[in-house]
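Colleague: I am new to reading structures, and I would like a close look at one part of this one. Could you walk me through how its charged side chains pair up, and what lies next to them?

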Amino acid sequence: MAKVVNQVRTLRFLAGEMTQAELGEKIGLTRQTIAAIEQGKYSPSLEAAFRIAQVFGKPLEEVFSWEE
């Protein structure tokens, strides 16, 4: 089964060990939602995905990818 995978946890670590709560605050999501996204239990909305990528200054496809 194909799924969306992401680099959010890695990017947070590289951004000065940003916490899930800090990222959530920047984009208007809860810490719990960020945790679920990182674990692959929840796919963010397109808007949230773009906001996450923008926080890290990365193109969307460097943060989220489709794995078959």
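Modeller: Here is a walk through the salt bridges, followed by the core beside them. Please keep in mind that this is a predicted model.

Let's begin with the pairing itself. Side chains of opposite charge can pair when their charged atoms come close. The structure holds four such salt bridges, and a good place to start is Glu38. Its side chain meets that of Arg9 in a salt bridge, at 3.8 Å from N to O. Glu38 belongs to helix α3 and Arg9 to helix α1, so this pair ties together parts that lie 29 residues apart in sequence.

Now look at Arg12, which also forms a salt bridge with Glu38; here the closest N and O atoms are 2.5 Å apart. Arg12 sits in helix α1 and Glu38 in helix α3, so this pair links parts that are 26 residues apart in sequence.

How exposed or buried are these three residues? Glu38 has a relative accessible area of 13%, and Arg12 has 10%. Both fall under the 20% cut-off, so they count as buried. Arg9, with a relative accessible area of 52%, is exposed.

Another of the salt bridges joins Lys58 and Glu62, with 3.9 Å between the closest N and O atoms. Lys58 is partly exposed, at 34% relative accessibility, and Glu62 is partly exposed too, at 44%. As for the earlier trio, salt bridges with shared partners join Arg9, Arg12 and Glu38 into one network.

What lies next to the network? Follow Arg12 to Leu23: leaving aside neighbours within four places in sequence, Leu23 is in contact with Arg12 as well as Val8, Met18, Ile34, Val55 and Phe56. This brings us to the nonpolar side chains. In soluble globular proteins, such side chains tend to be buried together. The largest nonpolar core here has 13 residues, and Leu23 is among those that touch the most other members, along with Val8, Ile37, Ile52, Phe56, Val63 and Phe64. The elements giving two or more residues to this core are α1 (8–14), α2 (20–27), α3 (31–38) and α4 (46–56). Of these, α4 gives the most, with four residues.

So if you want one path to trace on the screen, start at Glu38, step across to its salt-bridge partner Arg12, and then go on to Leu23, which is in contact with Arg12.

Definitions and conventions
Residues numbered from 1 in each chain as written. Predicted model: local features only at pLDDT ≥ 70, side-chain atom pairs only at ≥ 80, totals over all residues. Heavy atoms only, no water. Core = buried A, V, L, I, M, F, W, Y, C linked by side-chain atoms within 4.5 Å. Buried < 20%, exposed > 50% of the residue type's maximum accessible area, 1.4 Å probe, protein only. Contact = heavy atoms within 4.5 Å.
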